[in-house]
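Here are some comments on the model, set out as numbered points for someone who will look at the coordinates alongside them.

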Amino acid sequence: MTAQLACMTDDVPVAGTLRVELEGEAGPVEVAVVRDEAGEWHAISDVCSHGAVSLSEGEVEDCTVECWLHGSRFDLRSGKPLSPPAIRPVPVYPVTVDGERVLVDVDAPL
Ligand code: FES
């Protein structure tokens, strides 16, 4: 599958997040579309690798998002946790911005 429309640029403010559900080859994929504090776009799995909670409900700081439940902070570029208790990374997906359209390919994790 190729990149698909996740949202429009106006849907996500700087340092903001949006939870979307996209259709992957293996079924639905929950994605957090995030703009970091520099305005760069990212797409990571919306499901924290420590517990089944939504990362899009966490706070964005620099190029990270914090899981609201136990406070692990995930790097938006790599998906790696930078602080415990999470120890496993979350998938990161390629994002393309085409005009006002934000496209994500959930079948080609980085
Ligand atoms: S559920 Fe996210 S750090 Fe525990």
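1. A residue is called buried if 20 or more other C-beta atoms lie within 10 Å of its own, exposed if 12 or fewer, and partly exposed in between. The model discussed here is predicted. Ala15, with 16 C-beta neighbours inside 10 Å, therefore counts as partly exposed. This residue is found in the loop between strand 1 and strand 2, and Ala15 has a positive phi of about 65° although it is not a glycine. Most residues other than glycine have a negative phi.

2. Asp62 also deserves a look, since this residue is not a glycine either and has a positive phi of about 50°. The loop that holds Asp62 runs between strand 5 (60-61) and strand 6 (64-66). Asp62 counts as exposed because 12 C-beta neighbours lie inside 10 Å.

3. A further backbone feature to inspect is the peptide bond from Pro84 to Pro85, which is cis, with omega near 10°. Pro85 itself belongs to the loop between strand 7 (73-75) and strand 8. As a general matter, most peptide bonds are trans.

4. Turning to the sheets, one open sheet is formed by 3 strands in the order 1-10-9, and the pairing is antiparallel. Strand 1 (4-8) and strand 9 (95-98) stand at the edges, and each has a single partner strand, so one side of each is left without a neighbour in the sheet. Neighbouring strands of this sheet are turned by 30° against each other on average, when direction is ignored.

5. The pairings within that sheet can be followed residue by residue. Strand 9 is joined to strand 10 (residues 101-104) by 4 bridges, the two running antiparallel, and in this pairing Val95 stands opposite Val104 of strand 10. The hairpin of strand 9 and strand 10 has 2 residues between the strands, and Gly99 takes a positive phi near 65° there. On the other pairing, strand 1 and strand 10 are linked in the antiparallel sense over 4 bridges, with Arg101 in strand 10 as the bridge partner of Met8.

6. Which side chains of strand 10 are buried, and which are not? Val102 and Val104 point to one face and are buried, whereas Arg101 and Leu103 point to the other face and are not. In a regular strand the side chains alternate between the two faces of the sheet.

7. Another open sheet, of 4 strands, has the order 2-3-4-8 with antiparallel pairing. Its edge strands are strand 2 and strand 8 (92-93), each of which pairs on one side only. Strand 4 (residues 41-45) and strand 8 run antiparallel and are joined by 2 bridges, and in strand 8 the bridge partner of Ala43 is Tyr93.

8. Finally, is Val20, which lies in strand 2 (residues 17-24), buried or exposed? Val20 is buried, because 21 other C-beta atoms lie within 10 Å. When its neighbours within four places in sequence are left aside, Val20 is in contact with Ala6, Cys7, Val31 and Val33. By contrast with these contacts, Val20 and Ala38 are 18 residues apart in sequence and 22 Å apart in space, taken from C-alpha to C-alpha.

Methods
Residues numbered from 1 in each chain as written. Predicted model: local features only at pLDDT ≥ 70, side-chain atom pairs only at ≥ 80, totals over all residues. Contact = placed C-beta atoms within 7 Å. Pairing = 2+ DSSP bridges. Axes fitted to C-alpha atoms, helices over the stretch in contact; angles between N-to-C directions.
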